[in-house]
Amino acid sequence: RRVLFRSPQFAPCDPADLLRQVAALYGPNHPEVAWDLHLPEATVAALWDGDMVKRALINFVDNAVEAVEGKGTIQLSLSLEGGALRFDVTDDGAGVPEADRDRLFEPYFSTKRKGTGLGLAIVRRIAQDHGGDARYKPLERGSRFSLVLPKAAGK
């Protein structure tokens with residue numbers, strides 16, 4: 001059961017704009033969620049497949065919306081981490097049970113009744129295709145999922 005992926009098409013893109021687009025997709029449809037967007041003051045450019053990175057962010061946000069059950073706070077942020085850029089999607093939901101944390105990015109693993117278990121596996125694959133990493137961090141309340149990508153993935 002192999003999922004077929006297309007190869008990334010690297011082109012210049014604006015990471016902050018990708019995050020703004022994702023926030024704009026969700027905000028109107030989830031009025032009881034408080035959306036908190038944090039972007040760097042200076043414009044940052046990257047060489048990525050913007051559509052793939054946006055898909056990864058959407059997968060993170062889908063999980064966050066489900067985690068807060070439609071009402072809570074979801075923070076979307078973009079920051080510099082060394083020579084890379086880091087997107088964080090943080091929610092104040094119930095969090096991930098400790099027993100499930102090591103398997104979050106495995107294909108076909110899901111904690112949801114209707115989940116396929118592919119969302120986070122796709123995020124990891126997109127991160128790897130860009131020379132980056134996908135991470136999970138449990139918080140005192142909720143979760144933080146991060147996508148860390150080098151500014152120039154195609155180099």
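**Exercise 1.** Is Gly-119 buried, partly exposed or exposed?

*Solution.* Start with the value: Gly-119 has 28% relative accessibility, so the residue counts as partly exposed. The cut-offs are under 20% relative accessible area for buried, over 50% for exposed, and partly exposed in between, with a 1.4 Å probe and protein chains only. Next, place Gly-119 in helix α3, residues 119–129. Helices (H or I, at least four residues) and strands (E, at least two) are DSSP runs, numbered from the N terminus. Finally, look across the fold: Gly-119 and Asn-63 are 56 residues apart in sequence, and 8.5 Å apart in space from C-alpha to C-alpha.

A note before you go on: this is a predicted model, where local features need pLDDT of at least 70 and side-chain atom pairs count only at pLDDT 80 or more, while totals for chains, interfaces and linings use all residues. Residues are numbered from 1 along each chain as its sequence is written, and side-chain values use heavy atoms, leaving out hydrogens and water.

**Exercise 2.** Find the order of the strands in the open sheet.

*Solution.* Trace the five strands: their order is β2-β4-β5-β7-β6, with mixed pairing. Two strands pair if DSSP finds at least two bridges between them. Now find the edges, β2 (33–38) and β6 (133–138), each of which pairs on one side only.

**Exercise 3.** Which partners does strand β5 have, and how many bridges join them?

*Solution.* On one side, β5 pairs with β4 (residues 72–81) in the antiparallel sense over eight bridges. One bridge to spot is Leu-78 with Phe-87 of β5. These two strands form a hairpin with two residues between them, and Gly-82 in the turn has a positive phi of about 65°. Then turn to β7 (residues 143–150), which also pairs with β5 in the antiparallel sense over eight bridges. Here Thr-90 has Arg-144 of β7 as its bridge partner. As a last step, check the cover: seven of the eight residues of β5 (84–91) are buried.

**Exercise 4.** How do helices α1 and α2 pack?

*Solution.* Begin with the geometry: α1 (residues 15–26) and α2 (residues 50–67) pack at an angle of about 40°, with axes 10 Å apart. Axes are lines fitted to C-alpha atoms, for helices over the stretch in contact (heavy atoms within 4.5 Å), and angles run from 0 to 180 degrees between N-to-C directions. The helices are therefore oblique to each other: under 35 degrees counts as roughly parallel, over 145 as roughly antiparallel, 65 to 115 as roughly perpendicular, and the rest as oblique. To finish, list some contact residues, including Leu-18 and Val-22 of α1 and Val-53 and Leu-57 of α2.
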